[in-house]
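Got the viewer open? Load the model, switch to a cartoon view, and let's walk through it stop by stop.

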Amino acid sequence: MPGRYALLARLASHADNVPQVLIHLRFFGNDTLTNVTRTAMSHYEVQKKRRAKFIEDWRSNYRSVIHLRDVEMRKTPRGLTTGVYLGKDGDRPVRTVDAAAHEIEPGAVTTVHRHSWDAVMLCVGGNGWTEVDHARVNWGPGDAIHLPVWSWHRHGNEGESRARFMSFSSEPFMDIPGFAMIEEGGHSSISQLAGYPSYAASSPGNDVYARRIRRLAAGLDENRRGRIHTSWDELEFLQSPRGTRTTFLLDRAVGYRTSGLTIAMFEIGPGRAQSMHRHSGEAWLYVVEGHGHSFIGDTPSEGENYEWAKGDLIVVDHYSWHQHFNDDKKTTAKVVRVHILDTLLNTMNALCYPLNLLEEPPDDIRSKQTGDLGTIEWPQVQRPVWP
Ligand SMILES: [Fe+2]
Ligand SMILES: [Fe+2]
């Protein structure tokens, strides 16, 4: 079929600048069918260009701080006003955890929906409520809520002022293998909507198929018994050797079962700093209160300082050295850090092994960075306010 090969060559010559292009032709013989796939360049070159473009796109999208002023809030048909800090829909693509702010007006009730990823809510202003499957949670500033995978949920505000919360979700992670989907339920009551997808719950025997069914069912059962709410009033902050006082908001250690999402709050004392360190996974840091700056660098001495203030999101890239400073001499800075630990960060740890997975300076350098821990003046913990 020389004519068809000539056509293939002509198509290929136009495709020189498009490395991913595939030209697929079918050749029919008398009684045979052959699939022939030709690429404009070799597998090696396609793969090399694709990897280079991926890294180039990644670097051009990377930000160390997303400032509150750069987050555009827009009304959505769900009844929320939403702005994206990190995520494809805000033109800041990420591959692990996205971050967005949501506001709900007094008297408003959103539509109910569910999705194939999970999310955590960090309430930062006003008072509202969230219905999660058949439970209803009333929340205020500083509260944290888990929205499990495929749970129906909606939000409402019966207060007199606008309520605001942050969300951090595993949607980018689920989107990579093509498992990200949303189901909308409008204003239906949750009892009218379909329940969880059914799954094989048990199978007798010790063959590999029966073992797989039991293992997966046990994991799903456990996830559905996880905790869904932490109230600000029950938090207890403890001082850490890094010079901060910290508490888990939502984590496996305090009864949650997430896709790995974990959030903890830490406070930096007036005019003080957290000691420098680095870890294999990335971290998002949402500034709940205060202002300061962060050093982020490839080595402990080569990097840049980035200023931040209330409502900003600091992005610490994987394996970057970082140190956070509170630039206010009178009040503490409150920061909420977000990881996706059990899944991606631990996978990253396993892949990076035997690199040092959490690197901190020797004790004498660390104590210089934090100063004398006994001299930090910790005021009584205050509930956050917005704005
Ligand atoms: Fe949702
Ligand atoms: Fe860190």
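Here is a tour from the whole chain down to a single residue.

**Ground rules.** This is a predicted model, where local features need pLDDT of at least 70, side-chain atom pairs count only at pLDDT 80 or more, and totals for chains, interfaces and linings use all residues. Residues are numbered from 1 along each chain as its sequence is written, while chains are lettered from A and ligands numbered from 1 in the order in which they are written.

**Whole chain.** Start zoomed out: the C-alpha trace spans about 85 × 55 × 50 Å along its principal axes. The chain carries 6 helices and 26 strands (DSSP runs numbered from the N terminus: H or I of at least four residues for helices, E of at least two for strands). Now colour by pLDDT, the predictor's confidence in each residue from 0 to 100. The mean is 89, and 91% of residues reach 70 or more. Select residues 1-30 and you'll find pLDDT below 50, though this stretch has 29 contacts in the model beyond near neighbours in sequence (a contact means C-beta atoms, placed from the backbone, within 7 Å).

**Two helices.** Next, pick helix 2, residues 43-61. Its number of buried residues is 0 out of 19, so helix 2 lies largely in the open (buried means 20 or more other C-beta atoms within 10 Å of a residue's own, exposed means 12 or fewer, partly exposed is in between, and C-beta atoms are placed from the backbone). Then jump to helix 4, residues 208-224. Of its 17 residues, the number buried is again 0, so helix 4 also lies largely in the open.

**The open sheet.** Hide the helices and look for 7 strands in the order 4-5-6-13-8-11-15, paired antiparallel (two strands pair if DSSP finds at least two bridges between them). Strand 4 (74-75) and strand 15 (229-230) are the edges, each with a single partner strand, so one side of each has no neighbour in the sheet. Further in, strand 6 (98-104) and strand 13 (163-169) pair over 7 bridges; try His102, whose bridge partner in strand 13 is Phe165.

**Strand 8.** Is strand 8 buried or exposed? Here 7 of the 7 residues are buried, so the strand is largely enclosed by the rest of the structure. Strand 8 pairs with strand 13 over 6 antiparallel bridges, and Val120 stands opposite Phe168 there. Towards strand 11 (144-147) there are 4 bridges, with Leu122 partnered by Ala144.

**The core.** Show side chains for the largest nonpolar core, which has 59 residues; those with the most contacts inside it are Val120, Leu122, Phe168, Tyr286 and Leu313. Such a core is a set of buried Ala, Val, Leu, Ile, Met, Phe, Trp, Tyr and Cys residues joined through C-beta atoms within 7 Å. Strand 8 (119-125) gives the most to this core, with 6 residues. Domain 2 (68-224) and domain 3 (229-375) both contribute, so the core lies between them (the bounds come from an automatic or database domain assignment). Centre on Tyr286 and you'll see that it touches Leu122, Met166, Leu313, Val335 and Val336, leaving aside residues up to four places away in sequence.

**Last stop.** Select Ser167 in strand 13. Ser167 counts as buried because it has 20 C-beta neighbours inside 10 Å. Leaving aside residues up to four places away in sequence, Ser167 touches Ala100, His102, Ala119 and Met121.

Notes
Contact = placed C-beta atoms within 7 Å. Expected span 1.5 Å × (residues − 1).
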